[in-house]
Amino acid sequence: MTGTIADVSFGGKSVELPTRSGTIGPDVIDIGTLYKNTGAFTYDPGFTSTASCESKITYIDGDEGVLLHRGYPIEQLAEHGDFLEVCYLLLYGELPTKTQKDDFDYRVTHHTMVHEQMSRFFTGFRRDAHPMAVMCGCVGALSAFYHDSTDITDPHQRMVASLRMIAKMPTIAAMAYKYHIGQPFVYPKNDLDYASNFLRMCFAVPCEDYVVNPVLARAMDRIFILHADHEQNASTSTVRLAGSSGANPFACIAAGIACLWGPAHGGANEAALNMLAEIGSVERIPEYVAKAKDKNDPFRLMGFGHRVYKNYDPRARIMQKTTHEVLGELGIKDDPMLEVAMELERIALTDEYFIEKKLYPNIDFYSGITLKALGFPTTMFTVLFALARTVGWIAQWNEMIEDPEQRIGRPRQLYIGEPKRDYLPVSKR
Ligand code: SDX
């Protein structure tokens, strides 16, 4: 919906820019004609004030700590739904009927195997390769196997590719983990639900049956829900930008995985647990809080702060509750890292620096403790984030392809380099 006009005057010129209002949230000023009419670009390097698209998928209110997926609060989806139901919601826009859910679960379940040749890819990596490096390589390679679902102009092929990605990510993630620890790959089993199948592919061994603990499987499923989508974050924007050139969906998701790996983004869950381990005890917390506040020290509290949330990340609250459930089910009492995490949170939430800068725990603060208790090494934490976020990337990618306003993304710049100058022969330099 377009609305009032924003008047912009610059360099003796003025231009009227249309505005738009969404269903909820901030209005936008459409600056598409700004350069043509004023000769100036906007400048917003971290995109802190820039909306890159219209979207119906996820809404975040950072000040209120609200996260909605297609209008449904994350708290309700995490409490009452399962991950594949949230996948259906993100992809199709509505919660599925029983028939739709059963059909979707069946289709995903029957796409969980990967081409047998895929297993050859893993043997090319060193065993100690970081599983995220393996994920980048293997997911990008999927486009070498599934040519029949790479025509992005064909809605049917887009949906087949979408289902394949959602279905195969747990299998590839589990293979990356098994290769990393030198154990044989475990094939998916169609009589297990999504999270149980993944846990079994990670932790079963040929020598004995693996019995899935339903409490841990439910916790894993809920962790997937919490990581499913999050508006136009860095990795989602990467997937959209890659997709805007017409690249195939497997290549776009591989680009998203690469971006997610950074410690400022999805890599924060691994970094947060490493940070808690380095702090080691409650007594050392003040030393690290001081480092985090020191402008001259690059150290930051991993798992704290967020570009959008200037309140508590609603996912962090649910994750903290899940942490206690998992530790309780496993009989882990007095986990030293949980003790450090809770005391660090208490101190940070009462410290003037963190209050003034509105730094709260984000989803990555507690997830590491939970994933470690579930049996995963820290190197697998961001892989699990990527597994869950695949549905968000795919839903946003489909929305971008179907958006008539979307064109290839091609930002401009403020040039601060040398003005034109002539070549000097080496004898004159
Ligand atoms: C995710 O975008 C998403 O939605 C991401 C995500 C998703 O689901 O996709 O939610 C997942 O990536 C969560 C964030 C995980 N990252 C971390 O936990 C890493 C630690 N956090 C920071 O690096 C930082 O808070 C960011 C990257 C998350 C946000 O950075 P911004 O928005 O660019 O904020 P900033 O760096 O400008 O910080 C504002 C101020 C700065 O101080 P001043 O320069 O104003 O004096 O707050 C300070 C920062 O120094 N600050 C921190 C801090 N985070 C910000 N100080 C100490 N510890 C921190 N963690």
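Is Gln 396 buried or exposed? Gln 396 is buried, at 0% relative accessible area; buried here means under 20%, exposed over 50% and partly exposed in between, using a 1.4 Å probe and protein chains only. A word on the model before the views: it is predicted, so to speak of a local feature takes a pLDDT of at least 70, side-chain atom pairs count only at pLDDT 80 or more, and totals for chains, interfaces and linings use all residues. Residues are numbered from 1 along each chain as its sequence is written, and side-chain values use heavy atoms, with hydrogens and water left out.

**View A. Gln 396 and its neighbours in helix H18.** Gln 396 sits in helix H18, which runs over residues 381-402. Helices here are DSSP runs of H or I with at least four residues, strands are E runs of at least two, and both are numbered from the N terminus. The Gln 396 side chain makes a polar contact with the side chain of Arg 240, at 2.9 Å. A polar contact is a pair of N or O atoms within 3.5 Å; within protein, one must be able to donate a hydrogen and the other to accept it, and residues adjacent in sequence count only if both atoms are side-chain atoms. Leaving aside residues up to four places away in sequence, Gln 396 also touches Ser 55, Ile 57, Asp 229, Glu 231, Gln 232 and Thr 236, where contact means heavy atoms within 4.5 Å.

**View B. The ligand and its shell.** There are 24 residues around the ligand, and the closest are His 230, Leu 301, His 306, Arg 307 and Arg 315; to be near, a residue needs a heavy atom within 4 Å. That shell splits into 10 nonpolar, seven polar and seven charged residues. Ala, Val, Leu, Ile, Met, Phe, Trp, Tyr, Cys and Pro count as nonpolar, Asp, Glu, Lys and Arg as charged, and the others, Gly among them, as polar. Look for a polar side-chain atom of His 230 at 2.6 Å from a ligand oxygen. An N or O atom in the Lys 295 side chain is 2.9 Å from an oxygen of the ligand, and a polar backbone atom of Leu 301 is 2.8 Å from a ligand nitrogen. Protein covers 78% of the 1,000 Å² of accessible area that the ligand has on its own (Shrake-Rupley method, 1.4 Å probe).

**View C. Helix H12, residues 268-279.** Nine of the 12 residues of H12 are buried, so the helix is largely enclosed by the rest of the structure. Among them are Asn 269, Glu 270, Leu 273, Met 275 and Ile 279. Their cover includes helices H13 (285-293), H15 (336-350), H17 (363-374) and H18. The end C-alpha atoms of H12 are 16 Å apart, which agrees with the 16 Å expected at 1.5 Å a residue; the expected span is 1.5 Å times one less than the number of residues. Right after H12 comes Gly 280, with a positive phi near 75 degrees.

**View D. Positive phi at Arg 70 and Lys 358.** Arg 70 is not a glycine, yet its phi is positive, about 50 degrees. You'll find Arg 70 in the loop between strands S5 (66-69) and S6 (72-73), partly exposed at 21% relative accessibility. Lys 358, also not a glycine, has a positive phi of about 55 degrees. Lys 358 lies in the loop between H16 (352-356) and H17 and is partly exposed at 41%.
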